[in-house]
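Trainee: Please take me closely through one part of this model, the largest nonpolar core, and then set the sheets and salt bridges beside it.

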Amino acid sequence: MLKKTPTRFVRWVVTVVVVGTLAIATTATVAALYHRFQHNRLINSDTYKAQYGKWEVVSLPKDIDANIIHSIVLPTGKVLLIAGSGNDHHNSDKAVYNSLIFDPETRTAKRIDTPVDLFCSDHAYLADGTVLIAGGTGSYEVLPDNLTHAGGYLTIRNEDPDHPGFVPKGTTFTGKDSGKVYRSDRDITVPAAVKDPVTYKVSATDRNVYVAAEATGSDGVWDRNDHYLIGGLSFAQQQNLYGFAPEMALKKKEYQGIDAAYTFNPWTETYTAVGSMSYARWYPTLTRLPDGKVMVLSGLDGAGRILDGQTEIYDPATGAWTERDDLRRIFPTYPAVFQTATPGRLFFSGPSTGWGPAEEHRDPGIWNLTDNSFRLVPGLRDPNMLETGSSTWLGPVQEQRLLVVGGGGVGDSELSTGRIDLVDLKAAQPVFTPLAMLPKGTRYPNLVPLPSGDVFITNGANDYRGRGDSNILAAYVLDQQGALHPMADPTVGRDYHSTAVLLPSGQIMTDGSNPLFADKKNTLPGKFERRIEIYTPPYLFKPDGSTMARPVVTGGPDQIRRGETVTYTVGTSMAAFPDAAEVKSVRLLTPAAVTHVTDTNARVVDLPMTRTDSGVSVTVPDNPAIAPSGYYMLFAVNSAGVPSVAKWVHLG
């Protein structure tokens with residue numbers, strides 16, 4: 001039977017359909033290209049930049065870039081970008097840890113040696129300008145489907161007041177009831193028990209470690225409490241040093257912390273090990289204290305358990321940590337804990353990231369270190385949506401007005417809020433009050449204090465880790481009266497594991513982002529965002545597109561002391577615009593040290609000033625809780641709101 005050939009009419013119809021479809025597609029493409037052309041022309045126009053500012057994407061070479069988790073502005077003007085293993089277990093498995101030194105002026109970077117996995121550590125400046133970095137990642141989580149050996153957290157108890165117990169990695173633990181054998185996955189030291197010098201009562205010390213069964217699969221499971229004998233010990237030693245655990249199961253293995261601590265020297269660009277913490281910590285918070293010491297709070301321990309309130313304090317004079325059992329207080333991981341204007345008083349504003357009890361220890365309050373009391377501060381809107389929010393001071397820190405911005409429900413909840421609430425900690429009875437509202441519910445908002453005292457708010461996501469293609473390409477300036485002013489939209493989405501910092505130039509740099517998925521339907525795995533984006537605010541543009549005339553701090557001391565009055569000479573960047581040198585305020589800004597969208601040590605310190613014939617005379621606050629010792633960026637801001645390039649000063 002002969003096969004029929006298409007008729008001329010059918011061929012004509014097919015041709016028309018094909019040509020029509022191509023024409024429609026081509027028209028749509030042309031329209032999209034034209035729209036993009038018009039948009040690019042708009043955002044690059046002089047009038048637009050003068051009103052909204054401008055973003056610029058910086059892509060580092062592939063042999064240099066990394067998954068940036070932590071951003072620290074250095075007194076050299078460069079930025080330390082810490083990836084560690086970069087939330088990539090393949091790097092962790094191979095002990096590949098990265099840090100970069102990025103130069104914002106040349107837009108170049110270089111790798112530097114990184115000693116351990118500082119991924120998900122925290123950091124705080126010390127008085128000498130070095131950066132204290134504590135905690136990090138001991139091992140990654142393992143989901144039940146990927147577990148081949150049962151295991152769990154095991155508590156090692158030491159009842160010997162005369163000797164610490166050192167238990168090396170690979171030590172065996174044998175259950176008294178089960179007879180099953182498990183091995184530890186890291187070294188652990190259990191301090192000696194504490195003996196009361198008067199009553200001679202001995203209080204045992206405990207440390208946790210993760211152990212895994214020697215047997216595979218269900219053969220290693222034990223579903224009830226058991227005591228464990230530690231291999232390699234004598235009978236007498238086993239009476240004082242032993243283990244116990246509630247179960248050994250094929251359940252999810254959580255992330256585990258490390259107890260390591262380092263200082264980073266900005267001038268030699270090297271890490272130096274200091275004393276280890278008493279507890280391993282993953283997702284801790286480091287808060288500077290007025291006496292120059294640093295407090296570390298919260299985190300997951302070496303077995304992947306949330307610490308139940310163990311507080312430690314680092315003394316730069318000795319390079320050692322002291323556990324403060326009198327300051328035991330439970331917080332969720334990465335708690336937003338700030339030093340207030342009163343020495344001995346800290347404030348937990350509520351935001352946190354990740355782990356901790358869902359219903360407890362999440363309410364904001366004032367922590368009195370003299371008696372370890374905690375006074376709740378009420379009034380916060382959406383109190384069930386504090387996780388992945390952010391917090392910082394609004395205006396000079398002397399005013400003690402603290403913001404809570406955005407956030408979402410605990411864990412991978414779909415809930416999010418655009419809440420911007422404010423608390424005045426100078427009030428006799430502090431209460432949160434509504435200040436503003438972001439247009440969308442926003443997890444992971446990055447907050448950047450500006451020399452003016454206003455706060456720059458950028459990026460974030462409407463859902464957990466940008467799920468559902470929910471990254472928010474928006475930026476605002478929140479002024480000190482609570483008004484939100486839209487700025488130019490960033491072009492790179494930022495959610496989990498993103499940061500934003502103020503550069504000495506007065507520009508803002510954003511980096512990082514670790515979305516869970518790459519598509520709206522949540523079917524494709526997300527890729528870590530390695531591009532950097534630098535924002536030039538409108539205060540640096542004139543309406544004709546040229547650079548705005550700026551104050552220039554041309555003379556004055558590099559070393560200042562609390563309570564003293566010092567004089568700075570101020571000129572202008574353009575001789576034709578002498579008004580640019582008319583200074584309205586002088587501010588000290590702490591160099592940023594940000595991770596997981598929050599820097600609890602960030603602050604803008606106002607320097608009360610009087611004008612002189614050649615510049616300004618300023619007085620440094622005498623309260624170390626307002627202005628702790630260390631390096632600051634000094635900005636002179638003129639009456640048009642234009643800041644100088646920062647002058648680095650050291651407050652002794």
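Mentor: The core comes after a word on the model, and the sheets and salt bridges follow.

This is a predicted model, in which local features need pLDDT of at least 70 and side-chain atom pairs count only at pLDDT 80 or more, while totals for chains, interfaces and linings use all residues. Residues are numbered from 1 along each chain as its sequence is written, and side-chain values use heavy atoms, with hydrogens and water left out. The average pLDDT (the predictor's confidence in each residue, from 0 to 100) is 94, and 94% of the residues score at least 70. Residues 1-6 fall below 50, and this stretch has one contact in the model beyond near neighbours in sequence; a contact means heavy atoms within 4.5 Å. Where pLDDT is low, the predicted coordinates should not be read in detail.

A nonpolar core is a set of buried Ala, Val, Leu, Ile, Met, Phe, Trp, Tyr and Cys residues joined through side-chain atoms within 4.5 Å. Buried means under 20% relative accessible area, exposed over 50%, and partly exposed in between (1.4 Å probe, protein chains only). The largest core has 40 residues, and the members that touch the most others are Leu-81, Phe-102, Phe-456, Leu-502, Met-509 and Ile-532. Two or more residues come from each of β1 (54-58), β3 (79-84), β4 (98-103), β36 (475-478), β38 (498-502), β39 (508-512), β40 (532-536) and β49 (630-638). Strands here are DSSP runs of E, at least two residues long, numbered from the N terminus.

Ile-532 shows how these pieces meet. Leaving aside neighbours within four places in sequence, the contacts of Ile-532 include Leu-81, Phe-102 and Met-509, as well as Glu-56, Arg-494 and Asp-511. Another core, of 34 residues, lies apart from the largest one and has Leu-386, Ile-560, Val-620 and Ile-626 among its members.

Phe-102 also has a place in strand pairing, which requires that DSSP find at least two bridges between two strands. Antiparallel β4 and β5 (residues 108-112) are joined by five bridges, and the partner of Phe-102 in β5 is Ala-109. The two strands form a hairpin with four residues between them, where Arg-107 in the turn has a positive phi of about 60°.

Elsewhere, an open antiparallel sheet of four strands runs in the order β41-β43-β48-β47. β41 (551-555) and β47 (609-611) each have a single partner strand, so one side of each lacks a neighbour in the sheet. Within this sheet, β43 (residues 565-572) and β48 (residues 615-619) pair over five bridges, with Thr-569 opposite Gly-615.

Salt bridges, in which a side-chain nitrogen of Lys or Arg lies within 4 Å of a carboxyl oxygen of Asp or Glu, number 24 in the structure. Arg-381 and Asp-421 form one of them, at 2.6 Å from N to O. This pair links distant parts of the chain, 40 residues apart, with Arg-381 in the loop between β29 and β30 (390-393) and Asp-421 in strand β32 (residues 419-424). Arg-381 is partly exposed at 27%, whereas Asp-421 is buried at 0%. Salt bridges that share partners also join Lys-78, Lys-110 and Glu-269 into one network.
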